[in-house]
Amino acid sequence: MPYAVLRVAKIKTQAHALSATGHNYRQAQHPHAIANADQEAPHPNREYVNHAQKDYWSLLEARIQEAGVKRIRSDSVRGMEVILTGSPEGFIRGQDGRAVDYSKSKWAGDNLRFLQEKFGAKNIVSFTLHQDEKTPHIHAVIAPITEKNTLSADQLFNPKSLRELQTEYAQAMAPHGFERGVEHSQAKHDPMQRLYGLEAQHAQRVAELTKPSVPAPAIQLSDPPAAPWKHAEWKVGEELRINAELARQAEAARVQLVEVAKLAQANTAAAEQVRVLQKQLSTSEGLKQENFNQLGERTAHNELMTGRSERLAVQLAEGGGPEVEQLKIYGQQQRESARKELVSVMEGLLAGRVSSGADFRNKLEEVGYSTGKNLEGKQVIIDEGTGAKFQVNELKPNGQELGIELAKTTERTALEVAQEAKREQSRGQSRGRGKGI
């Protein structure tokens, strides 16, 4: 059975916090942050709490101030970074070996609820799912503030409480098929700081921070809604999203500038680069205008599409037409693509362990599918993303009937579980015979 995995690391300095921010948000000014990421990952990373992607140091300082913490030592731990995941075999994968999309899964939601209930929702300042590496995993940043509003990582994350945390986390993940690892294990892990290269000297850090800035990628506008009456709402939403992204970019540049300025006090060679960064920051308004020009162009296109939508509605009311036929063909293509993806997901599930039909349905629900009935009252599997409904006879994992493949998998799973239980019983008897009187 796969193990639930939880690891923690302290955030004590601003440099550590900024480096962790760069890693988790794959920021271009931190090249090590994206070195191990899969640039062709099929599923997106996702932030659930810190939507503006502010740097962790600012978030932690703001939370500490909000909580009214009165005494803060200079060497106090400001935050704790927690990695939440499981052993690779515990995640559903397609035939290509990649994990399916967990960004909207119950697994991700249960991880967030676990931390919020354990440490308080306000103390979870960031919660980021990574899906561009081999195994889905979560980076959460926690302000270690106690119920008495004191800042105490030692109280919340000591050896005893960490053992309890491991046990409680495994219990929370049990519905997803994970169990606790061996308690008091002597296995050692490389410190998480190695991920971020925090041993760099000031000069190296300045060199990294003052490299020529990569131009920010153009903000991609979303497609306008088909319904004409929703266009105004769409435009307002796009303006808000563009403003939020530009604010994030400006804040990232400001934070970078502050750090370089501090280092420049010990390294005068950085002074010129400070002025360069100030100039880069001043281009923010130009970037903003460019994106709003794009929004204007899309709005004009939107108005053109409104007329086309009205024609399409009229053709549909009159029983058909060339555009209606094109739309039908497109819909059929999208449905077939969704069917093939569902078959691939099923094949990945059936390659692992499935104890029953109910277990199989639960695993499908984990990755965005549900069951129901169509208008004819027949049982169907529904792709929540597209709304497509598939009868069981349309789905043939490994080229076989679903019922046949499911029966094979449940039989194999039962046999493997029985064999494991037998081996465990045998090991227990062997240990018993080895004890002295």
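**Salt bridges, helices and a sheet**

Me: How many salt bridges does the structure hold?
Reply: This is a predicted model, where local features need pLDDT of at least 70, side-chain atom pairs count only at pLDDT 80 or more, and totals for chains, interfaces and linings use all residues. Residues are numbered from 1 along each chain as its sequence is written, while side-chain values use heavy atoms, leaving out hydrogens and water. A salt bridge here is a side-chain nitrogen of Lys or Arg within 4 Å of a carboxyl oxygen of Asp or Glu. Go by that rule and the count of salt bridges is 16.

Me: Which residue does K118 form a salt bridge with?
Reply: Look for a partner whose oxygen has its closest approach to a K118 nitrogen at 2.8 Å. K118 sits in helix α3, and the partner is 50 residues away, in helix α5, so we're linking distant parts of the chain (helices are DSSP runs of H or I, at least four residues, and strands runs of E, at least two, numbered from the N terminus). That partner is E168.

Me: Are K118 and E168 buried, partly exposed or exposed?
Reply: Buried means under 20% relative accessible area, exposed over 50%, and partly exposed in between (1.4 Å probe, protein chains only). K118 comes in at 36%, and E168 has 28%. Because those values lie in the middle band, K118 and E168 both count as partly exposed.

Me: At what angle do the axes of α3 and α5 cross?
Reply: Take α3 as residues 106-119 and α5 as residues 159-173; their axes come within 10 Å. Axes are lines fitted to C-alpha atoms, for helices over the stretch in contact (heavy atoms within 4.5 Å), with angles from 0 to 180 degrees between N-to-C directions. So the axes cross at roughly 145 degrees.

Me: Which residues of α5 make the contact with α3?
Reply: From α3, the contact uses W107, D110, N111, F114, K118 and F119. You've already met one of the α5 residues as the salt-bridge partner of K118, namely E168. The α5 side consists of L165, E168, Y169, A172 and M173.

Me: How far apart along helix α13 are E416 and R412, in helical turns?
Reply: These two form a salt bridge, with the closest N and O atoms 3.4 Å apart. They also belong to a network of salt bridges with R353 and E420. Both lie in α13 (residues 402-433), and because they are four residues apart, the separation is about one helical turn.

Me: Is E376 buried or exposed?
Reply: E376 has a salt bridge with K378 at 3.9 Å, N to O. K378 is partly exposed at 42%. E376 has a relative accessibility of 60%, so it counts as exposed.

Me: What is the order of strands in the open sheet?
Reply: Start at the edges: β1 (4-11) and β2 (46-47) each pair on one side only, where pairing needs at least two DSSP bridges. From one edge, β1 and β3 (residues 79-86) pair over eight bridges; from the other, two bridges join β2 to β4. β4 and β5 pair over six bridges, and a hairpin joins them through six residues. With antiparallel pairing, the order is β1-β3-β5-β4-β2.

Me: How many residues of β4 are buried?
Reply: Helix α2 (residues 56-67) lies across β1, β3, β4 (124-130) and β5 (137-142). Helix α3 packs on the sheet too, touching β1, β3, β4 and β5. β4 is mostly covered, and the buried count is seven of seven.
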